[in-house]
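Biologist: I am new to this structure. Please take me through one helix and what surrounds it.

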Amino acid sequence: MSCNSCSSDINTVPKGCKSNGNCATGDCEKLTVFDWLGNMSLPAGQKPVDIVEVRFKNGRKHFYRNVDNLKISIGDIVAVEGNPGHDIGTVSLSGELIKIQLKRKGLSVDSEEIKKIYRKATQKDIDIWKSARDKEYDTQYRGREILGRLGLKMKLSDVEYQGDGNKATFYYTADERVDFRQLIRDLASAFSIRVEMKQVGLRQEAARLGGIGSCGRELCCSTWLIDLRNVSTSAARYQQLSLNPQKLAGQCGKLKCCLNYELDTYLDALTDFPKADVVLKTEKGEATFIKMDIFKRVFWYTYKENRSKWYKLTLEQVKEIIELNKNNETVHSLEEYELDLIEEGIDKFEDVVGQDSLTRFDIPKRKKKRKNRNSKNQPKKIVQVKQRNQKRKPVHNQQKSTANSQNKNSNNTGNRTHKNKKRRPPKKSENNNQNN
């Protein structure tokens, strides 16, 4: 989670509290609880709770008792009891909501497991704490190199230093039991610190490290989900989901926790549904179940011998056929019971004012294609260009050009008529005719 003022700049440094990911306002950490009773005063004669919740790295939280009645508020950095030494953390919750959180964790107010607060952290404590936090990445990298050299089948997921810098907790995941006694010796000699190995599950690892799910949001286990319940493939079957491990698995490699969110709703809807293995007996043959839409209460069946067509039936029709089959009666065919889909007309808003359609700008305008100059129509273009140039000439030039053109045309016509004129035979005279 992050507050609105934590947008990052080019160098991935938050612009808000300038704490490089460790929000000083208390709003950017995982699994934060809003203190909605913070502005309310206690009834007369009731003492406030002397227990506060302290947050550490990656959402790890513990309860500590304020023995010395220090003035502590949410966001203060305090030094608390460690094992051994002391640890540094940030106060994340105080007041009456602590009782609710203790009840959720299964602890009582008088529990001996609750450790105490030493003091408010001094500047020296904070400097040592920050220097220890800066070593965590290098320690994790070198620790993985030692794991590879020893050949242990385990994954080192995270390293957390204690506030005084004298102890480091190595979080790992492993499918089998691992003998890491030699590993502890090598880590202690390499870093000169006390080493504690802590095994976590794959879901706890994802909750600590965080990430983005397939839905595009932050992981539920790292933001608000507290109790990580077991998820089985039956949850996907009840919801008619395909058993594809790539789609059903989350960032941790296990089934997604969100499969349990709507499971109760599906189970309530399936109470009066027949089982999927029930076969419908008809005169045309037996029909088997294909799929169903739970909330629309619709089924699809097909014949065993002819699976080319699916028949859509309602829940009432399927129950009716099953009851007839129990009484040793068969139905003629599923075609008689097939559901006729009635498409409901969609209400369309009329354009009363006479305005244009709002989607008139959605269709992009087509650009006019320029024809290639080397195309077949090139002579036509040349003729058109000449005609345009003639139109643009001055008037006197046009007169001269018209006169010249007329002379040329006359000469040309004369030549043509002279050339094309055929020679006629001479006429016979009247004297010749008389003599003959």
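Modeller: Here is a close look at helix α10, followed by a short look at one loop residue. This is a predicted model, in which local features need pLDDT of at least 70, side-chain atom pairs count only at pLDDT 80 or more, and totals for chains, interfaces and linings use all residues. Residues are numbered from 1 along each chain as its sequence is written, and side-chain values use heavy atoms, with hydrogens and water left out.

Helix α10 covers residues 315-326. Helices here are DSSP runs of H or I with at least four residues, strands are E runs of at least two, and both are numbered from the N terminus. The 12 residues of α10 should span 16 Å, and its end C-alpha atoms lie 17 Å apart, so the two agree. The expected span is 1.5 Å times one less than the number of residues.

Which residues of α10 are buried? They are L315, Q317, V318, I321, I322 and N325. Buried means under 20% relative accessible area, exposed over 50%, and partly exposed in between, with a 1.4 Å probe and protein chains only. Down the axis of α10, the buried residues fall within an arc of 165 degrees, so they line one face of the helix. That arc is taken from the directions from the helix axis to the C-beta atoms. On the other side of α10, E316 and K326 are exposed.

The cover over the buried residues includes β9 (280-282), β11 (298-303) and β12 (311-314). Just after α10, N328 takes a positive phi of about 60 degrees.

Now the loop residue. N66 sits between β2 (61-65) and β3 (77-81). N66 counts as buried because its relative accessibility is 9%.

Conventions: Contact means heavy atoms within 4.5 Å.
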